[in-house]
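Here are my notes on this one, jotted down as I went through it. Have a look at the model first, then see whether you read it the way I do.

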Amino acid sequence: MRKLYIYLLTSALVSIVVLGWLIDIFSEQTLETDNHFGWQSTLAGGAAKQVARQALEQRADYIETLSTDYELEISYKRGDTLAVPSELKAQMLTNKGLVLEDQQGFYLLKTNQDLLPDYLELRLAKPPEQRDSDALLTLLFYAGVCTFMWFILSPLAKRLSILTDAAKQFASGNFSARIATDKFTYIKDVELTFNRMASQIEKLLAENKLLASSLSHDIRTPVACLRFGLDAALDEGDISKVHNLLTRMEKDLDQMEDMLASYLSFATLEQKSHLLKFEQASASEYFPALIEQVAPKFQSAKINIEHEIEPSLFIHADLHWLARAVTNLLSNAADFANLTVLVRVNSDGQNIHIRIEDDGPGIAPQNWHKVFSPFFQEQSHRNRAQKSYGLGLAIVAKVVDWHHGKASVSHSEILGGAKFTLILPCKAR
């Protein structure tokens, strides 16, 4: 929007300055080329020469006779009666003379070297064609300003129309509606913001739809088990068998609680993206602390975890949510690794690369683009916990997206299993 404000202010100033300059030039040229008092100046000049040849006491009578004979409003004036600057008095010696204006109209002052300091005054009639010149110039000025503003604002009106059409399409249910940005647009920030908003809403709606579908599908199994267990307990007469059925039903309830807690946690995750608190931490201290948190799980699984962290490296991120993403990857590696997990952290100057590799079965290349989708699980894999809802890697992808980074999975050249890579900007945005 700042670009728009600058364009509007600049166009207004340029239009005013340029049009004012053009009108001034036009006015000056009009005054210079269109001399309305040419013959009067010539007449006054000749009269001034004739008066200068007369005796001083006869000059006034001569001009009075000349005024009567030629029906002119011309009079002889003493030099001490004229109160004008010397620069203007000098103009009375020129061919055009000095033209002044009073309440009655224009009058011409004319003299020569022989007549000085006295002069002649010739009353003039105002040219009728000049009466409306000011109104015409004012009209041209405002018309020019409007033309300039239209030239500047017409592209803005067009882009606003495109934005309105895209918003209407989006409101009608076409969630793929986007604005094709143009480098000459004044509201590029608004268009990009609309596209980001539309993409985020489309993503949230897709996730909510998938969440509802997955929850309704996954919850059927424990509900069916509870129904069978309850029916069996009602029909069973042996108290010990009823107790066993109730114990099994309690496990089904625990599974349902875990499932609902995981789903609700993921559903409300996007609301926490506005509460990020970016801080700085030393990588050589931060990542070993995260590894220490999950060490009991690696020890129980008898898996060795190693790390290679670039010294003197600092990270700028929300340390809480980044820790959750990294621990999710470490926990995932502990579930699938055979003997070893490797954590590597380094920087290329612009981004920080976090790599977590294992020697497990890996992930099929055709599924690399799916693993960060909610509720995705490879059917050929079974982790040691046997209790996963496919949300851990989806949370990792969200956290990395909050940090304007990128998450990917590939094959580990070192250990032969899966390699998860998180790329984050060195400086948090």
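1. Of the 429 residues in the chain, 37% are buried. Bear in mind that this is a predicted model. The accessible surface comes to about 26200 Å², and carbon and sulfur atoms hold 56% of that.

2. On secondary structure, I get twelve helices and eleven strands for the chain. Taking the contacts with a separation of 6 or more, 65% are between residues 24 or more positions apart.

3. Now for confidence. The average pLDDT of the chain is 81, and 85% of the residues score at least 70. Which elements sit at the two ends of the scale? Helix α1 has the lowest mean pLDDT, 67, while β9 has the highest, 95.

4. Please go easy on residues 382-386, where pLDDT stays under 50. The model does give this stretch twelve contacts beyond four places in sequence, but where pLDDT is low, the predicted coordinates should not be read in detail.

5. Back to helix α1, which spans residues 2-33. There is a nonpolar surface patch of about 430 Å², made by V14, V18, W21, L22 and F148. Helix α1 is the biggest giver here, with four residues in the patch. If you discuss the patch, I'd mention in the same breath that α1 has the lowest mean pLDDT among the elements, at 67.

6. One of the patch residues is W21, which lies in helix α1. Why does W21 count as exposed? Its relative accessibility is 53%, and the cut-off for exposed is over 50%, so W21 clears the bar.

7. Strand β1, residues 74-77, has two faces that differ in cover: I74 and Y76 are on the covered one, S75 and K77 on the uncovered one. Its partner β4 covers residues 119-124, and the two strands run antiparallel, joined by four bridges. Within that pairing, K77 from the uncovered face of β1 stands opposite Y119 in β4.

8. Last, a look at S373, in the loop that links β9 (351-358) and α12 (392-402). Is S373 buried or exposed? Neither: S373 counts as partly exposed because its relative accessibility is 29%, and that class runs between the 20% and 50% cut-offs. The C-alpha atoms of S373 and I395 are separated by 9.2 Å, with the two residues 22 apart along the chain. The same loop, between β9 and α12, is worth a second look from you.

Technical notes:
Residues are numbered from 1 along each chain as its sequence is written. This is a predicted model: local features need pLDDT of at least 70, side-chain atom pairs count only at pLDDT 80 or more; totals for chains, interfaces and linings use all residues. Side-chain values use heavy atoms; hydrogens and water are left out. Buried means under 20% relative accessible area, exposed over 50%, partly exposed in between (1.4 Å probe, protein chains only). Two strands pair if DSSP finds at least two bridges between them. Patches are made of residues with over 30% relative accessible area and no salt bridge: like charges are joined within 9 Å, nonpolar side chains (Val, Leu, Ile, Met, Phe, Trp, Tyr) within 5 Å. Accessible areas come from the Shrake-Rupley method with a 1.4 Å probe; for residues, only the protein chains shown count as cover. A salt bridge is a side-chain nitrogen of Lys or Arg within 4 Å of a carboxyl oxygen of Asp or Glu. Contact means heavy atoms within 4.5 Å. pLDDT is the predictor's confidence in each residue, from 0 to 100.
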